[in-house]
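Please open the model in your viewer and keep the sequence panel beside it. We will move from one selection to the next, and at each stop you will read what is there.

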2 protein chains.
Amino acid sequence: MNPNDNPATTSLAEAKAQFVHLWGVSGTSWGVSKTLAQVHALLLVSPAALSTEDLMEQLTISRGNASMTVRELLDWGLIYKELRPGERREYFVAEKDMLQVTRCIIRARKRRELDQMKRTLDQLAALPGDPADADYRAFHAALTDIQQLATVSDKLLTRLMQAEKSWFWDKFLKLFM
Amino acid sequence: MNPNDNPATTSLAEAKAQFVHLWGVSGTSWGVSKTLAQVHALLLVSPAALSTEDLMEQLTISRGNASMTVRELLDWGLIYKELRPGERREYFVAEKDMLQVTRCIIRARKRRELDQMKRTLDQLAALPGDPADADYRAFHAALTDIQQLATVSDKLLTRLMQAEKSWFWDKFLKLFM
DNA sequence: TACAAGTTTCAGTAATTATTGAAACTTGTG
DNA sequence: CACAAGTTTCAATAATTACTGAAACTTGTA
């Protein structure tokens with residue numbers, strides 16, 4: 001029987017296609033490109049490793065786009081290269097452990113959204129000013145508040161990234177629910 | 001003495017301008033428009049309420065842009081209208097409590113980034129499939145993992161939004177550092 | 001060294017998102 | 001009601017960001 005004749009298989013393929021689509025849409029609101037999110041989704045639900053060629057074909061994207069997207073996902077640590085002996089072509093598999101995936105995403109977003117801001121806040125807070133000026137004190141107090149929050153967020157995210165599965169479930173599920 | 005002759009005041013104005021600029025740049029990487037972030041920053045460091053006219057002038061943006069941005073910030077709960085008796089013009093002040101500001105931002109981002117995704121994941125997970133098919137089981141297991149993470153994130157963020165200042169510091173600083 | 005099979009780069013173009021500015025609208029007042 | 005002082009809307013445009021496709025590059029093999 002051709003797999004495509006099997007209703008269950010067909011609906012599985014459809015479900016996967018829908019998942020790829022959903023991940024693409026969500027990706028957009030998470031600040032990554034649709035293509036990046038879709039390549040990630042496709043690899044996440046592919047039991048087998050896929051080549052650049054496969055990605056181009058299944059998502060109808062260009063070779064250049066596929067190449068750059070794959071490189072970025074490798075940078076993030078969300079996918080791995082799989083080299084097959086005697087074959088020139090590169091294949092890619094996704095990290096399937098979602099806790100690990102979450103860590104990678106947190107790391108990347110922290111870098112993009114928090115780290116640069118913290119550096120600049122520190123510079124701003126270091127600017128001299130007249131402590132007798134109420135207006136200056138108010139500004140400085142606001143800065144300090146923001147810095148504190150940034151610091152707490154940073155530590156929280158760092159801790160989350162280091163979290164072991166057991167720690168994660170222990171602390172989080174028990175303390176926050 | 002003219003305030004602009006005072007070195008401390010001048011450097012304060014510069015620091016504020018730098019802060020508005022920083023917040024604008026950061027806003028971009030946080031997925032909001034530069035203008036939105038800058039208007040918010042400007043109001044955050046303005047002791048007095050500002051009118052639409054003031055915002056247009058200080059940030060050199062158009063009336064339309066100022067109007068739409070202000071409306072969005074009101075939606076987020078990050079700024080408030082201040083109406084002055086006998087005056088037609090509307091003034092705006094920022095919520096200055098940074099914990100409250102954080103809550104508003106978490107709420108908006110959760111809505112944008114998580115809630116829609118959760119709904120669609122639930123739909124996908126509900127699709128029927130053949131439990132005898134290993135490929136189907138793998139897909140379903142991946143979906144379930146993602147759903148679990150989405151659920152935990154949701155609960156964590158919800159808890160964070162409800163956090164009182166004391167709870168926040170108690171739990172977070174003590175447990176996570 | 002020449003070639004084949006692949007990958008990467010990047011200038012040009014397409015798609016998306018943000019902003020302007022002017023017209024339409026609202027509202028208080030004589 | 002007419003007008004003044006303000007606000008909102010939205011079609012047109014600008015700015016940004018993502019994608020394509022072809023040329024340049026890399027690497028293993030004969």
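In this predicted model, begin by selecting Ser51(B) and Tyr91(B), since a strand pairing can be read from them: Ser51(B) stands opposite Tyr91(B), which belongs to S3(B). Widen the selection to the two strands, and you will find that S1(B) and strand S3 (residues 90-94) of chain B run antiparallel and are joined by 2 bridges. As a general point, the strands of a sheet pair through backbone hydrogen bonds, in either a parallel or an antiparallel manner.

Now add the remaining strand of this sheet. In what order do the 3 strands of chain B lie in the open sheet? The order is S1-S3-S2, with antiparallel pairing. Strand S1 (50-51) and strand S2 (79-83) of chain B stand at the edges, and because each has a single partner strand, one side of each is left without a neighbour in the sheet.

Next, show the helices that cross this sheet. Helix H2 (residues 34-44) of chain B lies across S1, S2 and S3 of chain B, and its direction makes an angle of about 85° with S3(B). Helix H4 (residues 63-76) of chain B lies across S2 and S3 of chain B, running at about 110° to S2(B).

Turn to chain A and select strand S3 (residues 90-94), where 4 of the 5 residues are buried, so that this strand is largely enclosed by the rest of the structure. On one side, strand S1 (residues 50-51) of chain A is joined to S3(A) by 2 bridges, and the two run antiparallel; here Ser51(A) stands opposite Tyr91(A). Strand S2 (residues 79-83) of chain A also pairs with S3(A), in the antiparallel sense and over 5 bridges, and Tyr91(A) is the bridge partner of Glu82(A). Follow the chain through the hairpin of S2(A) and S3(A), which has 6 residues between the strands, and stop at Gly86(A), which takes a positive phi near 80°.

Then display both protein chains together. A turn of 180° with a shift of 0.0 Å along the axis lays chain A on chain B with an RMSD of 0.0 Å, and that is the relation of a two-fold axis. To find the axis from chain A, select Gly31(A), whose C-alpha is the nearest to it in that chain, at 3.1 Å. The copies meet through the same surface, because 100% of the interface residues of chain A are also interface residues in chain B.

Bring DNA strand D into view, with the 18 residues around it, of which Thr35(A), Ser62(A), Asn65(A), Arg71(B) and Arg88(B) come nearest. Of the atoms of DNA strand D that come within 4 Å of the protein, sugar and phosphate account for 59%. Select Thr35(A) to see an N or O atom of its side chain 2.5 Å from a phosphate oxygen of DNA strand D, and then Ser62(A), where a polar backbone atom is 2.8 Å from a phosphate oxygen of that strand. At Arg88(A), by contrast, an N or O atom of the side chain is 3.1 Å from a base oxygen of DNA strand D. Finally, select H4(B), which gives 5 residues, the largest share of the surface near DNA strand D.

For a last stop, go to Asp130(A), in the loop between helix H5 (98-126) and helix H6 (134-162) of chain A. Is Asp130(A) buried or partly exposed? Its relative accessible area is 27%, so Asp130(A) is partly exposed. A polar atom of its side chain lies 2.8 Å from the backbone nitrogen of Ala132(A).

Conventions:
Residues are numbered from 1 along each chain as its sequence is written. Chains are lettered from A and ligands numbered from 1 in the order in which they are written. This is a predicted model: local features need pLDDT of at least 70, side-chain atom pairs count only at pLDDT 80 or more; totals for chains, interfaces and linings use all residues. Side-chain values use heavy atoms; hydrogens and water are left out. Buried means under 20% relative accessible area, exposed over 50%, partly exposed in between (1.4 Å probe, protein chains only). A polar contact is a pair of N or O atoms within 3.5 Å; within protein, one must be able to donate a hydrogen and the other to accept it, and residues adjacent in sequence count only if both atoms are side-chain atoms. Two strands pair if DSSP finds at least two bridges between them. Contact means heavy atoms within 4.5 Å. Axes are lines fitted to C-alpha atoms, for helices over the stretch in contact, and angles run from 0 to 180 degrees between N-to-C directions. Copies are superposed by least squares on the C-alpha atoms of residues with pLDDT of at least 70 in both. A residue is near a molecule or strand if one of its heavy atoms lies within 4 Å of it.
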